[in-house]
Amino acid sequence: MATALSMNTNPDLDFLLSQVAEALQLPKTHFELMEQHYHSVAAWLAAPESPLAKWRPQIYPQGSVAIQTTVKPLAREEYDLDFVCELQPSGRAALVVYDELYARLKASAVYGPMLEKKRRCVCINYAHDFHLDIIPAEPDTRLRGTHLVVPDRELRGWTPSNPRGYVAW
């Protein structure tokens, strides 16, 4: 018995949809540039002279970057690329952690002029059709596993997050 799906195949439509999907995806050159940028940011944050170095920052992709579904938003001209900067548990207040990440990036002649504070992340606006949103985080010592806490400037405290859990899901 034929199903509705097998009876309605349309090679022309399939081709057009694949072309649209390809046009929306992050191009390979942008992907490579994004990787270079976030590795450079990671090195800057973890450098021995960095005030964050003692918290052993680790940067990794989250959201659409992590699951390789990044597409160009319709309302904007640039790709929104999200990253976590996970630090070792410190017992510090959320806004202290956020401000330390911002201050370290602001101290860079490269990143300083491109920074923008957001509710939970620090945004680095590149002139290459994308921006990197970097959210500071610490492991959630209460929930453990892949659970994190991230600063929320509006709430003025930590809020739960689980980007690795999302990717696994």
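# Exercises on a predicted structure

The structure, which is a predicted model, holds eight salt bridges.

## Exercise 1. A bridge between distant parts of the chain

Determine which residue forms a salt bridge with Arg104, and where the two partners lie.

**Solution.**

Step 1. The partner of Arg104 is Glu49; the closest N and O atoms of the pair are 3.7 Å apart. This separation satisfies the cut-off, which is 4 Å.

Step 2. The pair joins distant parts of the chain: Arg104 belongs to helix α5 (residues 94–106), while Glu49 sits in the loop between α3 and β1 (58–61), 55 residues apart.

Step 3. The accessibility of each partner is then compared with the limits, under 20% for buried and over 50% for exposed. Arg104 has a relative accessible area of 7% and is buried. Glu49, at 56%, is exposed.

## Exercise 2. Two further bridges and a network

Identify the salt-bridge partners of Glu100 and of Asp152, and classify each residue by accessibility.

**Solution.**

Step 1. Glu100 pairs with Arg92, with 2.0 Å between the closest N and O atoms. Glu100 counts as partly exposed at 27% relative accessibility, and Arg92 counts as buried at 15%.

Step 2. Asp152 pairs with Arg120, the closest N and O atoms being 2.9 Å apart. Distant parts of the chain are again linked: Asp152 is in strand β6 (residues 148–152) and Arg120 in the loop between β3 (115–117) and β4 (122–125), 32 residues apart.

Step 3. Asp152 has 0% relative accessibility and therefore counts as buried. Arg120 has a relative accessible area of 31% and is partly exposed.

Step 4. The Asp152 bridge is part of a wider arrangement, since a network of salt bridges links Arg119, Arg120, Asp152 and Glu154.

## Exercise 3. A buried acid without a bridge

Locate Asp133 and state which side chain of opposite charge is nearest to Asp133.

**Solution.**

Step 1. Asp133 is placed in strand β5 (residues 130–139).

Step 2. Asp133 is buried, and the nearest side chain of opposite charge is that of Lys118, 4.5 Å away. A salt bridge requires a distance within 4 Å, so Asp133 has none.

Step 3. The surroundings of Asp133 can now be listed. Leaving aside neighbours within four places in sequence, Asp133 is in contact with Asp80, Leu81, Asp82, Phe83, Lys118, Cys121, Val122 and Cys123.

## Exercise 4. The two faces of helix α3

Check the length of helix α3, and establish how its buried residues are arranged around the axis.

**Solution.**

Step 1. Helix α3 comprises 19 residues (28–46); at 1.5 Å a residue they should span 27 Å, and the end C-alpha atoms are indeed 27 Å apart.

Step 2. His30, Met34, His37, Tyr38, Val41 and Leu45 are the buried residues of α3. Viewed down the axis, these buried residues fall within an arc of 95°, so they line one face of the helix.

Step 3. A general rule explains the spacing: an α-helix has 3.6 residues a turn, so residues three or four places apart point the same way.

Step 4. On the face turned away from the buried side, α3 carries the exposed residues Lys28, Thr29 and Gln36.

## Exercise 5. The nonpolar cores

Find how many residues the largest nonpolar core has, and which of them have the most contacts inside it.

**Solution.**

Step 1. The largest nonpolar core has 26 residues, and Val41, Leu105 and Ile124 have the most contacts inside it.

Step 2. Two or more residues of this core come from each of α3, β2 (79–86), α5, β4 and β5. The largest share, five residues, is that of α5.

Step 3. Val41 of α3 can serve as an example. Beyond its neighbours within four places in sequence, Val41 is in contact with Ile59, Leu105, Tyr111, Ile124, Tyr126 and Ile134.

Step 4. Apart from the largest core lies another, of seven residues, among them Cys121, Ile135, Leu148 and Val150.

## Exercise 6. A tryptophan and its contacts

Which strand holds Trp158, and which residues does Trp158 touch?

**Solution.**

Step 1. Trp158 lies in strand β7 (residues 157–161). With a relative accessible area of 30%, Trp158 is partly exposed.

Step 2. Not counting residues up to four places away in sequence, Trp158 touches Arg92, Ala93, Ala94, Val97, Glu138, Val149, Val150 and Pro151.

Step 3. For Ala93, the separation from Trp158 is 65 residues in sequence and 7.8 Å in space, C-alpha to C-alpha.

How values were computed
Residues are numbered from 1 along each chain as its sequence is written. This is a predicted model: local features need pLDDT of at least 70, side-chain atom pairs count only at pLDDT 80 or more; totals for chains, interfaces and linings use all residues. Side-chain values use heavy atoms; hydrogens and water are left out. Helices (H or I, at least four residues) and strands (E, at least two) are DSSP runs, numbered from the N terminus. The expected span of a helix is 1.5 Å times one less than its number of residues. Buried means under 20% relative accessible area, exposed over 50%, partly exposed in between (1.4 Å probe, protein chains only). The arc is that of the directions from the helix axis to the C-beta atoms. Lys and Arg count as positive and Asp and Glu as negative; His and the chain ends are not counted. Contact means heavy atoms within 4.5 Å. A nonpolar core is a set of buried Ala, Val, Leu, Ile, Met, Phe, Trp, Tyr and Cys residues joined through side-chain atoms within 4.5 Å.
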